[in-house]
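Here is an informal walk through a few local features, starting with one residue and working outwards. Have the structure open as you read.

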Amino acid sequence: MRYNLWFGTYDGKDVEVSENFEDSFLRAENPSPLPFNIFELGSQVLGESYYRILRKTALKVSEKQIERELKREDRYVVALVKALEEIDEATNMLSEKLEDIKAVKESDITESFEDKIRNLKELRKEIEREIEEVMKKIAPNMTELAGAKVAAKLLERAGSMEKLVRFPASKIQVIGAEKSLYKAFSRMKKGKKAKVPKHGIIFLHPFIRTLPKSKRGKMARFLAAKLAIAAKIDYFRGEVDESLYESIVKRYEELRRK
Amino acid sequence: MKELMRNVYLKDGLLVTKSRYGSHYGEKVFDGFREWIPWRSKLAAMILKGHRLRLKGDEKVLYLGAASGTTVSHLADIVDEGVIYAVEYAAKPFEKLLELARERENIIPLLFDASKPWKYSGIVEKVDLIYQDIAQKNQIEILESNAEFFLKAEGEVIIMVKARSIDSTADPEFVFESVLREIGGKFEILNHGSLMPYHKDHIFIHARMS
């Protein structure tokens, strides 16, 4: 019988001390209770610092685990954004049907119909709040630049943070406008004139939407470039860099004045 | 100021623990004491309901369902010369628990699933007390398997039971009776009681290995 302990393995006679406590900590699995005192055995090996080393190892391992876990929150956002889109569709569909029914006859059922639609709208708000909260945590820079809604939609289209950070700025600029982009490409291939889209999802950003048409392309390009940087900082470092937001405000003011 | 338990006092009507640390979850801190809010911590509620624990301060404790460490922080004040193995499986609250574990030398944080005690069987030693607050349907089963792995022969357990999480449709009284019967089969029940008005439809059970 060999026992797996956080500081090594034990065959009932000798302890083979682990070379890496973090590894052995995660492998300290045994099918049944240990028939000996792990603290006493460990103290023979590690002396008085048994608890100090154990605690240090536990802290290190769990910090790493948590980091990995939290990185998985991007999948949660992706699922939430998809759910949000479905809810919008369902709400629209139900509202249409409700109008159809109302046009024919006013009945009790229309009230419960309205109730259900109101519930869906509340659920929608709840999901939006949740998206905002998670986005602030996993992508604080992108959220500050583009708002939780736009940032979450970009993340949803990319599929994960890991994929999003590998997108060039030019791709981020046109995410959500794939249809017109590929249409333009195929026209270009045939040697025809084509209009390449200037913006996809990021058009929803107030800094683009509120500019005159001729300047939207410039702003979109600039914003996409900053978003590409923001995504990378979010994924690899996680700290907020305020200069990014300042730079897009500055660019917006410039374009607005011209 | 009245001493209720080791490092636990009633100070001007407030439950407090003696502590040299700062605030962890928004509780008040004043000259060496931290307010222990019974609405936030079921253990605090239990003490205010009149049930005390005889703790010497050097106990080894296995805490299942540590969450963000609200109760753990006070328990760490009480067993200031002991060790608390704090098990929690959810990443989000665990982040907050980690903050606590970084400043307290007597807390060992374990990001493990409490329903799989074999996974941490080569880490946790035999303990004097298992404290469980996990609000899960099979929480008694989880308690029993952890006790089998880690509880000393004369060890004690404290378990917080929420009626709704065991059976959301049955009458709470009925749920509590069946839980007490189940625990009574394996342990000797020392005391139990309601946590009203601090926690609705909750009871604590204090039992000993038999």
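Let's start in chain A of this predicted model. Asp234(A) has a relative accessibility of 5%, so it counts as buried, the cut-off being under 20%. Asp234(A) belongs to helix H11, which runs over residues 213-236 of chain A. Leaving aside residues up to four places away in sequence, Asp234(A) touches Ile138(A), Ala139(A), Pro140(A), Asn141(A), Met142(A) and Met161(A).

Next, a helix pair. Helix H4 (residues 73-104) and helix H6 (residues 140-158) of chain A pack with their axes 9 Å apart, at an angle of about 100°. Angles of 65 to 115 degrees count as roughly perpendicular, and H4(A) and H6(A) are therefore described that way. On the H4(A) side, the contact is made by Asp74(A), Val77(A), Val78(A), Val81(A), Lys82(A) and Glu85(A). H6(A) brings Ala152(A), Lys153(A), Leu155(A) and Glu156(A). Sorted by class, that gives five nonpolar and five charged residues, with no polar ones.

H6 turns up again around helix H12 (residues 242-257) of chain A. H12(A) has 16 residues and spans 23 Å from first C-alpha to last, close to the 22 Å expected at 1.5 Å a residue. Which of its residues are buried? They are Leu244(A), Ile248(A), Arg251(A), Tyr252(A) and Leu255(A). Looking down the axis of H12(A), these buried residues fall within an arc of 100°, so they line one face of the helix. That fits the usual geometry: an α-helix has 3.6 residues a turn, so residues three or four places apart point the same way. The cover over the buried residues of H12(A) includes H6, helix H10 (206-209) and H11 of chain A. On the face turned away from the buried side sit the exposed residues Glu242(A), Glu246(A), Lys250(A) and Arg257(A).

Over in chain B, there are some backbone details to check. Two aspartates have positive phi:

| Residue | Phi | Loop in chain B | Relative accessibility |
|---|---|---|---|
| Asp12(B) | near 50° | between strand E2 (8-11) and strand E3 (14-18) | 78%, exposed |
| Asp201(B) | about 55° | between E11 and E12 | 28%, partly exposed |

The loop between strand E11 (187-194) and strand E12 (202-209) of chain B also holds Pro197(B). The peptide bond from Met196(B) to Pro197(B) is cis, with omega near 0°.

Last stop: Ala153(B), in strand E10 (residues 151-162) of chain B. Ala153(B) counts as exposed, at 65% relative accessibility. Its C-alpha atom is separated by 9.1 Å from that of Lys126(B), 27 residues apart along the chain.

Note on methods:
Residues are numbered from 1 along each chain as its sequence is written. Chains are lettered from A and ligands numbered from 1 in the order in which they are written. This is a predicted model: local features need pLDDT of at least 70, side-chain atom pairs count only at pLDDT 80 or more; totals for chains, interfaces and linings use all residues. Side-chain values use heavy atoms; hydrogens and water are left out. Helices (H or I, at least four residues) and strands (E, at least two) are DSSP runs, numbered from the N terminus. Buried means under 20% relative accessible area, exposed over 50%, partly exposed in between (1.4 Å probe, protein chains only). Contact means heavy atoms within 4.5 Å. Axes are lines fitted to C-alpha atoms, for helices over the stretch in contact, and angles run from 0 to 180 degrees between N-to-C directions. Angles under 35 degrees count as roughly parallel, over 145 as roughly antiparallel, 65 to 115 as roughly perpendicular and the rest as oblique. Ala, Val, Leu, Ile, Met, Phe, Trp, Tyr, Cys and Pro count as nonpolar, Asp, Glu, Lys and Arg as charged, and the others, Gly among them, as polar. The expected span of a helix is 1.5 Å times one less than its number of residues. The arc is that of the directions from the helix axis to the C-beta atoms.
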